[in-house]
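User: Could you take me through one part of this model up close? I'd like to see how its strands are placed and what they pair with.

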Amino acid sequence: MSKTQDRIEIAHFPETLDPHDPEQHAALITRLHPFDGILAMRERTPFKKETLTALPNLKLLLTTGTRNLALDTAYCAERGIPVAGTASRSSSGGVDSAAQHAWAVILALARHVARDDAALKRGEGLAGVTGRDVGRIAIMGFGMRVVAWSGNLTQETAELQAAACGLPRGSFRAITDKLQFFGQADVVSLHHVLSELSRGIVGRAELAAMRRTALLVNTSRGP
């Protein structure tokens, strides 16, 4: 970076502005108007045509990951703006960061890592997951039984998912009734990109169906 500091300016904006809100959209345009290149963090900020047309200086649009439905790539192509992303290591047999993060959170909750860490820092004493039913919405170790629910998931699709992971048939069990799924799982892990199909997918009825001892882990993404 030291070789480019005298030639480029880098700005970081941690506060997300919602382009669906007229005032925030205007603020977003004012914020990004001077820049030649923009790096979008996943789907947090949609870049649709109405936003891109207000950014005449834009020459390059970047995104973390290779799949971002919040970018109007057709309009970018029409205007000659290159769109590029960072390939995940999971696609080349490496680490799946979303799965890693989900498991880290599940284990931390199940073993009370945050609570015990805080207790130790206060000078107090310390207060498993094995054998539990782990439910994954939209579709794995420690002796768990994996159950899954999705609006179009079938048992055959679940078997294909298991085979893709190198697991035998029967490793994943599809549940077609959503409330039954929430009522059975000891751990529910959500993996969704926010869309009109997924908005409100978990509501009062689903949460009420969960066991009082169940854990809910949300690694879903949205704007």
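Analyst: Happy to, and please keep in mind that this is a predicted model. Let's begin with strand β7, which spans residues 187–190 and is covered on both faces. V187 and S189 lie on one side, V188 and L190 on the other, and all of these residues are buried. That split fits a general pattern: in a regular strand, side chains alternate between the two faces of the sheet.

Now to the neighbour of β7. Strand β8, residues 215–218, runs parallel to β7 and is joined to it by four bridges. For V187, one of the buried residues of β7, the bridge partner in β8 is L215. Between these strands in the unit comes helix α8, residues 204–209: β7, α8 and β8 together make a right-handed β-α-β unit.

For context, here is another set of strands. An open sheet is formed by three strands in the order β1-β2-β3, with parallel pairing. Its edge strands are β1 (37–40) and β3 (83–85), each of which pairs on one side only. From one strand to the next, the twist averages 20°. Within this sheet, β1 pairs with β2 (residues 60–63) in the parallel sense over four bridges.

A useful residue to pick out here is L39, found in strand β1, whose bridge partner in β2 is L62. Both L39 and L62 also belong to a nonpolar patch on the surface, together with M41 and L60. The accessible area of that patch comes to about 320 Å². So you can set the buried residues of β7 beside the surface patch that includes L39 as you look around the model.

Notes. Residues numbered from 1 in each chain as written. Predicted model: local features only at pLDDT ≥ 70, side-chain atom pairs only at ≥ 80, totals over all residues. Heavy atoms only, no water. Buried < 20%, exposed > 50% of the residue type's maximum accessible area, 1.4 Å probe, protein only. Helix = DSSP H or I, 4+ residues; strand = E, 2+ residues; numbered from the N terminus. Pairing = 2+ DSSP bridges. Right-handed = clockwise from strand over helix to strand, strands pointing away. Axes fitted to C-alpha atoms, helices over the stretch in contact; angles between N-to-C directions. Patch = residues over 30% accessible without salt bridge, like charges linked within 9 Å, V, L, I, M, F, W, Y side chains within 5 Å. Areas by Shrake-Rupley, 256 points an atom, 1.4 Å probe, with all protein chains shown as cover. Salt bridge = Lys/Arg side-chain N within 4 Å of Asp/Glu carboxyl O.
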